[in-house]
Amino acid sequence: MYQQMIFVNLPVADLDASKKFFTELGYSINPQFSDETAASVVISDTIVTMLLTKEKYAQFTKKEIADATRTSEVLIALSAESREKVDELVDKAIAAGGTASGETQDLGFMYSRSFDDLDGHTWEVLWMDPAAVEG
């Protein structure tokens with residue numbers, strides 16, 4: 001059966017530093033789709049983040065590239081299998097040079113924390129109680 005995928009393309013200032021950041025979070029780089037201008041970060045079987053130098057990113061848009069440290073262009077949300085896994089990933093991101101973003105949200109049935117990566121892109125990591133999702 002076909003599984004739809006998502007490719008999140010992000011402009012980065014320092015490709016090598018960004019690759020190091022994401023591998024420190026436990027993700028891998030797919031060399032088949034990476035070169036000196038881009039890195040394919042495999043988050044899951046259906047989620048890939050393409051880190052692109054600003055010059056490479058500009059080839060895909062006529063719009064001005066947002067400075068994510070000053071403006072919000074996207075909020076990327078990733079699910080986690082538990083509250084502990086939320087904390088684990090966000091703590092890894094902070095240890096790797098990211099910064100905490102926003103407040104921890106604890107609604108009982110849902111728990112989330114956020115971080116900004118090296119270029120200021122905001123990543124929210126959340127866990128939702130499966131019983132709450134089911135109904």
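A salt bridge here is a side-chain nitrogen of Lys or Arg within 4 Å of a carboxyl oxygen of Asp or Glu. The exercises below use a predicted model.

**Exercise 1. Decide whether K85 and E88 form a salt bridge, and place the pair in the structure.**

Step 1. Recall the idea. Side chains of opposite charge can pair when their charged atoms come close.

Step 2. Check the distance. The closest N and O atoms of K85 and E88 are 3.6 Å apart. The cut-off is 4 Å. The pair therefore counts as a salt bridge.

Step 3. Place the pair. K85 and E88 are about one helical turn from each other, because they sit three residues apart in helix α3.

Step 4. Classify the exposure. Partly exposed covers the range between 20% and 50% relative accessible area. K85 has 34%, so K85 is partly exposed. E88 has 38%, so E88 is partly exposed too.

**Exercise 2. Describe the salt bridge between E24 and K20.**

Step 1. Find the distance. The closest N and O atoms of E24 and K20 are 2.3 Å apart.

Step 2. Find the element. Both residues lie in helix α1, which covers residues 15-24. They are four residues apart, about one turn of the helix.

Step 3. Classify E24. Its relative accessible area is 34%, so E24 is partly exposed.

**Exercise 3. Work out which elements the D91 and R113 salt bridge links.**

Step 1. Start with the contact. The side chains of D91 and R113 meet in a salt bridge, 3.0 Å from N to O.

Step 2. Locate each partner. D91 is in helix α3 and R113 is in strand β7. They are 22 residues apart, and the pair links distant parts of the chain.

Step 3. Compare exposure. D91 has a relative accessible area of 41%, so D91 is partly exposed. R113 has 15%, so R113 is buried.

Step 4. Look for shared partners. K85, E88 and K92 are joined into one network by salt bridges that share partners.

Step 5. Give the total. The model has eight salt bridges by this rule.

**Exercise 4. Describe the largest pocket and its lining.**

Step 1. Recall the method. Rolling a probe the size of a water molecule over the atoms shows where empty space is left.

Step 2. State the volume. The largest pocket holds about 270 Å³ of space.

Step 3. Find the residues. The lining has 14 residues, and Y27, S79, A80, K85 and L89 lie nearest the centre.

Step 4. Find the elements. β5 (75-79) and α3 (83-95) each supply at least two lining residues. The largest share, four residues, comes from α3.

Step 5. Sort by class. Eight lining residues are nonpolar, two are polar and four are charged.

**Exercise 5. Repeat the description for the second largest pocket.**

Step 1. State the volume. The second largest pocket has about 180 Å³.

Step 2. Find the residues. Its lining includes V8, N9, Y57, K63 and E73.

Step 3. Find the main contributor. Strand β1, residues 6-12, gives the largest share of this lining, four residues.

Step 4. Sort by class. Seven lining residues are nonpolar, two are polar and three are charged.

**Exercise 6. Locate L107 and classify its exposure.**

Step 1. Find the loop. L107 lies between β6 (99-106) and β7 (110-116).

Step 2. Apply the cut-off. L107 has 48% relative accessibility, so L107 is partly exposed.

Step 3. Find the patch. L107, F109, M128 and V133 make a nonpolar surface patch of about 360 Å².

How values were computed. Residues are numbered from 1 along each chain as its sequence is written. This is a predicted model: local features need pLDDT of at least 70, side-chain atom pairs count only at pLDDT 80 or more; totals for chains, interfaces and linings use all residues. Side-chain values use heavy atoms; hydrogens and water are left out. On a 1 Å grid over the protein atoms alone, a cavity is a set of points where a 1.4 Å probe fits but cannot get out, and a pocket is an open set with protein on both sides within 12 Å along at least five of seven lines; lining residues have an atom within 4 Å of a point. Grid points are joined across faces, edges and corners, and a volume is the space filled by probe spheres set on the points. Ala, Val, Leu, Ile, Met, Phe, Trp, Tyr, Cys and Pro count as nonpolar, Asp, Glu, Lys and Arg as charged, and the others, Gly among them, as polar. Patches are made of residues with over 30% relative accessible area and no salt bridge: like charges are joined within 9 Å, nonpolar side chains (Val, Leu, Ile, Met, Phe, Trp, Tyr) within 5 Å. Accessible areas come from the Shrake-Rupley method with a 1.4 Å probe; for residues, only the protein chains shown count as cover. Buried means under 20% relative accessible area, exposed over 50%, partly exposed in between (1.4 Å probe, protein chains only).
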